[in-house]
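Trainee: Please give me a close look at one stretch of the chain. I should like to know where its residues lie and what they meet.

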Amino acid sequence: QVQLVESGGGLVQAGDSLRLSCAVSGRTLSSYDLAWFRQAPGKERDFVAQITWSGDNTVYANSVKGRFTISRDNAKNTVYLQMNGLKPEDTAVYYCAARYILSTTYNYWGQGTQVTVSS
């Protein structure tokens, strides 16, 4: 079983930066791809970014490309989401997710951390 705990959310102004962290426990982190998703009020959960188990490949949603950076530190069992140039439309609950490298589905989720961007 894999447990994920997000932290680092908060209330910021447009243009500010935040770094989210997700501490992963329960399994060897290097065997899992990791991702960030977000869910705004009244909307579905959307993909934000993912990083492969090795850290060699990353994918971003078009809406955050060039502003957000996903990274991981397998030695610290942590994945990060650096968010720069935040916009009010980035306001959402951000979730960390994990999937075993042979899986196509993210089936381990954290509890989420709230990010609110004021204009």
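Mentor: The account below follows one loop into the strand after it and ends just beyond that strand.

The model is predicted, so local features need a pLDDT of at least 70 and side-chain atom pairs count only at pLDDT 80 or more, while totals for chains, interfaces and linings use all residues. Residues are numbered from 1 along each chain as its sequence is written, and side-chain values use heavy atoms, with hydrogens and water left out.

The loop between β8 and β9 contains Leu 86; strands are DSSP runs of E of at least two residues, numbered from the N terminus. Because its relative accessibility is 1%, Leu 86 counts as buried. Buried means under 20% relative accessible area, exposed over 50% and partly exposed in between, with a 1.4 Å probe and protein chains only. Beyond its neighbours within four places in sequence, the contacts of Leu 86 include Val 12, Leu 18, Arg 67, Phe 68 and Val 117; contact means heavy atoms within 4.5 Å. By contrast, 24 Å separates the C-alpha atoms of Leu 86 and Asp 73, which are 13 residues apart along the chain.

Let us move along the loop to Asp 90. A salt bridge is a side-chain nitrogen of Lys or Arg within 4 Å of a carboxyl oxygen of Asp or Glu, and the count comes to 3. Asp 90 meets Arg 38 in one of them, at 2.9 Å from N to O. This pair links distant parts of the chain, since Asp 90 is in the loop between β8 and β9 and Arg 38 is in strand β4, 52 residues apart. Asp 90 also forms a salt bridge with Arg 67, with 2.7 Å between the closest N and O atoms. Arg 67 lies in the loop between β6 (58-60) and β7, so this pair ties together parts that are 23 residues apart in sequence. Arg 38, Arg 67 and Asp 90 are thus linked in a network of salt bridges. Asp 90 counts as buried because its relative accessibility is 0%. Arg 38 is buried at 11%, and Arg 67 at 14%.

Strand β9 itself comes next. Tyr 94 is among the residues that touch the most other members of the largest nonpolar core, which has 31 residues. Strand β9 (92-100) is one of the strands that each supply at least two residues of this core. Such a core is a set of buried Ala, Val, Leu, Ile, Met, Phe, Trp, Tyr and Cys residues joined through side-chain atoms within 4.5 Å.

Further along, Cys 96 forms a disulfide with Cys 22, the sulfur atoms being 2.2 Å apart; a disulfide is a pair of cysteine sulfur atoms within 2.5 Å. It joins strand β9 to strand β3, where Cys 22 lies, across 74 residues. Both Cys 22 and Cys 96 are buried.

Arg 99 makes a salt bridge with Asp 33, at 3.2 Å between the closest N and O atoms. Arg 99 lies in strand β9 and Asp 33 in strand β4, so parts 66 residues apart in sequence are tied together. Arg 99 and Asp 33 are both buried.

Finally, Ile 101 is in the loop between β9 and β10 (108-109). Ile 101 counts as partly exposed because its relative accessibility is 34%.

How values were computed: Helix = DSSP H or I, 4+ residues; strand = E, 2+ residues; numbered from the N terminus.
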